[in-house]
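Reader: I am in my first year and still learning to read models of this kind. Could you take me slowly through a single part, and then show me how the rest is described around it?

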Amino acid sequence: MSAELPLLSLLIWLPIAGGVWVLTQSKDSEDALLVRPIALTIAVLTFLFSLPLFFSFDITTASMQFEEKLPWIQALNTYYHLGVDGISMPLILLTTFITPLVILSAWEVIKNRPAQYMAAFLIMEGLMNGVFAALDAMLFYVFWEAMLVPMFIIIGVWGGANRIYASLKFFLYTLLGSVLMLVALLYMYNQSGGQFSILSFHQLNLSSTAQTLIFLAFLAAFAVKVPMWPVHTWLPDAHVEAPTGGSVVLAAIMLKMGTYGFLRFSLPITPQASHELAWFIILLSLIAVVYIGFVALVQQDMKKLIAYSSISHMGFVTLGFFIMFAILQNTQSKDIAAMGIEGAMIQMISHGFISGALFLCVGVLYDRLHSREISTYGGVANTMPRFAMFVVLFAMANAGLPGTSGFVGEFMVILSSFQANFWIAFLASTTLILGAAYTLWMIKRVIYGSIADDKMETVGRLTDINARETFILAILALAVLFFGIWPAPLQEVMHVSVMNLIEHVTRSQ
Amino acid sequence: MEFICLLIVLLPLIGSIGAGLFTVSRKTAHWLTNTCVGLSFFLSVYVFKLIVLDKLLPFHSGTSNELTLYTWLSFGKLNLEVGFLVDSLTAMMMVTVTFVSWMVHIYTIGYMSDDEHNWSDKSLAGKSSYQRFFSYISLFTFSMLMLVMSNNFLQLFFGWEAVGLVSYLLIGFWLQRDTAIYANLKAFLVNRVGDFGFLLGIAAVLMYFNTLDYKEVFALAPSLSNVSIEIFPDIEWSAITIICIFLFIGAMGKSAQVPLHVWLPDSMEGPTPISALIHAATMVTAGVFMVARMSPLYELSTTALSFILIVGAITALFMGFLGLVQNDIKRVVAYSTLSQLGYMTVALGASAYAAGVFHLMTHAFFKALLFLAAGSVIIAMHHEQDMRKMGGLRKYMPITYITALLGTLALTGVPFFSGFFSKDAIIEAVHFSYEEGRFGAGFAYFSLVFGVFITSLYSFRMFFLTFHGKERMDEHTRKHLHESPVVVTVPLILLAIPSVLIGAFTIEAMLYGDFFESAIHVAKEHQSSHDFHGISTFVVHGLTQPPFWLVLAGFVTAYSLYMQWTGLPALIQSKFVFLHKILLDNYGFDRFNSWFFAGGARGLGTLCWSVGDVKLIDGLLVNGSAKVIGIFSQVFRRIQTGFLSQYAFAMIIGLLVLLGWFVHF
């Protein structure tokens, strides 16, 4: 791919511009039907443009690639500075991969203002790409906050009965966290002599008090996004009320903003504070894995159950990041530390596929019977055998079955955390039992069994997934299996950047 | 031979994908999968010949028995790979697995031919159930081959969980039955408990050896014998012991050892062919195979071996008792499987890995045979499994009768039958271990010897109740009784042959020769010094030992109770109501598990959710802070009265204060 083409800008502005154009189209659903193929084309094009990021990515360097830098607001010394490394690039690909599927999933389903619905997702795609690509803190912050708006609207307009409460909770929760991050960014702007470059923040030599305060400020922003226990309660509500596409994007991509923030900001900027407070993050992560696992077990609403499962799985991500310090202390092995971090990153990508797929599966059922309650269903496999096959596959992936991508990250994190502390690995491994319990128990009650007499008119009349739905789920299934069987291509692109991060963190101790 | 080995593994996978993912006719499905697995079997035999008889190394033009297929992940010097290790142990497992699997594939053509009767009319899942079944058993064969052919712990775990997945799918195959979908969830979760330990074991291996490759681990193992680990503060354990015990917890799940055995009897909810293939012959022996494969590690920890010995002995004896009170024909065989797995486990604990694996092999044949014979009976009885409604089937189904008899003789260990050699070898080995003074060996020896009597009793009880005595079925069933079709009887006959002969043919090589020389490692001081003087000497020696007389006693007891004085069992039962209840209750394991673990987890989940999430976090913190802000706003909005005079007054006060401030400083 030629270096002249500003790929990253394209990935941000193509969907935004396309989205804005789509947005202005008629609200009339008749006309909007014509807009659907255009929205899909834009999303697919964006995905195709993102492929060179992967295929011409230089895996031997940790420095930023595909860089673009233009002056933005000179009075503030901020730049329109974009670039990706092995940490952010896979996340951009995840975004461009999921968005076309989300748009396709809305095809016949969204009857109310379909054009505007798809536009919201296109705009959000651009903004999310912006978050992952921004190398200027101001630019990052703008994208970070702007992203909330389309999601707020998606939940608020196309959501369920209690959507206003959920969207406000979502908005306030995340905004509250971000404000503290803004303060931290402004402080570092001062400390770095008036610049917003994230990479220059990495080189700051901050006092230990400053580091701790900045770390906590970032934690407030990122922990809410991840979400970590105990600031997680917005997520189940948001998921329950959000339309299918909203849930998919929320789970598959938006949650990763938080964990991405830890890698891009917390660890490199405040390595010392990260080290000192690692025990705290590990504690919260383990609570997420174990406590939330139990909570997920008793959910009656499928979306809530998957939402809680997401929180539990994201606990593995934060655990994988912060276990690094204990590993380095115990074994001095940077390879094992890298295993933890890369495992966590693979978990981020894999969770994008799996949770996205599971929410799409719930969407498939919801479109047909307008219920998310587990008790509404039972014996779905009898009427939807093809659908059942996909659900069971994704459920197994969610339970971390080897051969699926869900296994890879958990395996790596557990193996590496064992080297830090036996009990951490022990508690993290309970997910093997808990994850299987809550996921497969749901499968038992929804998919398996015979159809009860009083459900003959509902479950008994379900139609199996059509070609469009099959296509979406099959694509995700392939991704889940591919990275489960051969995760090396994904890990290769991360490795040098992660090693560089570890070097950086240990050097700054 | 790289290509051949790859083909052996991939053929079943191809069959599985072909039959499962594409819409194919029933005929295509069974031809495709049968051909693939059959080919896989012949190729396995070929590999076996080259490795065992010609003593060749299979890979890299005869220089190595290891092959790396691709790199899964790599971190600096640490490479996680997918690859093969094919030595005599692997080759034996490959032949056993593909042979039993092939027999089951053939048998399934007959057994599942009228499967649509097991589904309600409207169920779409029932329309393609025949194809799906073939797809699953082929997928199982692929997974099991991946497991046994692995050269590293990662792939071992992959195969380990993959066979668990297929087991889950197959136990719940008749997904309309509540009992089936309860059993499959239970099986998966109990196996996950084992895998939980197994994964920690693998993590420990990585920590202490810095590799997951078998060969490297085994080479480094002796140097680690003095390293200790502190799991609880101030209590030091040898690292090897910890590794071995954690890995064995995985084996306890998969090979159904007490207390993780609870899933196996329930797994009988699945169709009978898979009970034969997965829950008797192959998958459940994965744990035994794994420990034998890891013999260089286990040899370094007598603590772990004693642990294995005791767990195995408890399983062998106490699960045998349960077989005595079952009336469901499949459940008797299931409890017999549990008990026999206990025998194999005891062999491992006594450092007699070869004897354990030898019993694994003979058991695979005769237990698959017994299950398939039971299945043949079940077809004839129109899916009636209660033995109290059978009897006298001998004259209706002669082939099933004879093969079942041969299987029973092999299982009980009658001289010259395969089970005799393998079981006697195990008992001999435990006796040696006892003399050597290994902790738990005395108990194990007693359990196994007494277990021989129990085995004989429940086996002949089942045999007599089913095939002899009064015909207790209803008139309608009796009229339709007939021998099963050829696709069912041929596998029975083909399995009966090794059930009878394989022991006598292979005992010398496997137990006294150099068959496992490179694959299994036994420390010098754990080796028994017995020599082999031919089969006849072995048998003659066996005739003088208690096990033989116990088999006979079991037979006589069963004959008197179920043929001669048929009123006696009920009388005994009424005298020992309490004991009978305990046995029927599976010693209370199931009740305890569903009360403590399942109920406890749900209770804890409800508590965490309703108190933690809903009340504390959401109620108090989130909505609470919203309320507090609301209350403050109520107060502050009073300031905004809208009266200009009050605003002007406030401004003047404010101005004065500010002025005062500036003037003062």
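Author: What follows is a close look at one residue of chain A, A:Ser105, and then at the parts of both chains that can be described in a similar way.

The model is a predicted one, and every value below should be read with that in mind. A:Ser105 has its place in helix α3 of chain A, the helix that covers residues 89-105. Is A:Ser105 buried or exposed? Within 10 Å there are 25 other C-beta atoms, and a residue counts as buried if it has 20 or more, so A:Ser105 is buried. Leaving aside residues up to four places away in sequence, A:Ser105 touches A:Thr244, A:Gly245, A:Leu360, A:Gly363 and A:Ile472. One of these, A:Gly363, lies 258 residues from A:Ser105 along the chain, and yet the two C-alpha atoms are separated by 8.8 Å.

For another case in chain A, take A:Leu172, which belongs to helix α7 (residues 163-191). A:Leu172 has 14 other C-beta atoms within 10 Å, and is therefore partly exposed. Its C-alpha atom and that of A:Phe54, 118 residues apart along the chain, are separated by 36 Å.

Chain A also offers a pair of strands. Strand β1 (residues 65-73) and strand β2 (residues 78-84) of chain A pair in the antiparallel sense, over six bridges. Within this pairing, A:Leu70 has A:Tyr80 of β2(A) as its bridge partner. The two strands form a hairpin with four residues between them, and in the turn A:Asn77 has a positive phi of about 60°. Because six of the seven residues of β2(A) are buried, this strand is largely enclosed by the rest of the structure.

We can now turn to where the chains meet, for 41 residues of chain A are in contact with 48 residues of chain B. The elements that give two or more residues to this side of chain A include α12 (271-297), α15 (334-369) and α19 (422-446). Of the elements on this side, α19(A) gives the most, with 11 residues. By class, the side of chain A that touches chain B has 29 nonpolar, 10 polar and two charged residues.

Chain B has 665 residues, of which 55% are buried, and its secondary structure comes to 26 helices and four strands. Its C-alpha trace spans about 120 × 65 × 55 Å along the principal axes. Among contacts in chain B with a separation of 6 or more, 79% are between residues 24 or more positions apart.

Two helices of chain B show how packing can be described. The axes of α1(B) (residues 2-21) and α2(B) (residues 26-53) come within 9 Å and cross at roughly 170°, and the helices are therefore roughly antiparallel to each other. Among the residues of α1(B) that meet α2(B) are B:Ile4, B:Leu11 and B:Gly15, while the residues on the side of α2(B) include B:Leu32, B:Cys36 and B:Val47. By class, this contact of α1(B) with α2(B) has 16 nonpolar, five polar and no charged residues.

Last comes the largest nonpolar core, which has 450 residues, and B:Leu448 is one of those with the most contacts inside it. Helix α6 of chain B (residues 178-209) gives the most to this core, with 21 residues. Not counting residues up to four places away in sequence, B:Leu448 touches several residues, including B:Ala313, B:Tyr343, B:Val346 and B:Ile426.

How values were computed
Residues are numbered from 1 along each chain as its sequence is written. Chains are lettered from A and ligands numbered from 1 in the order in which they are written. This is a predicted model: local features need pLDDT of at least 70, side-chain atom pairs count only at pLDDT 80 or more; totals for chains, interfaces and linings use all residues. Two residues are in contact if their C-beta atoms, placed from the backbone, lie within 7 Å. Ala, Val, Leu, Ile, Met, Phe, Trp, Tyr, Cys and Pro count as nonpolar, Asp, Glu, Lys and Arg as charged, and the others, Gly among them, as polar. Axes are lines fitted to C-alpha atoms, for helices over the stretch in contact, and angles run from 0 to 180 degrees between N-to-C directions. Angles under 35 degrees count as roughly parallel, over 145 as roughly antiparallel, 65 to 115 as roughly perpendicular and the rest as oblique. A residue is buried if 20 or more other C-beta atoms lie within 10 Å of its own, exposed if 12 or fewer, and partly exposed in between; C-beta atoms are placed from the backbone. Two strands pair if DSSP finds at least two bridges between them. A nonpolar core is a set of buried Ala, Val, Leu, Ile, Met, Phe, Trp, Tyr and Cys residues joined through C-beta atoms within 7 Å.
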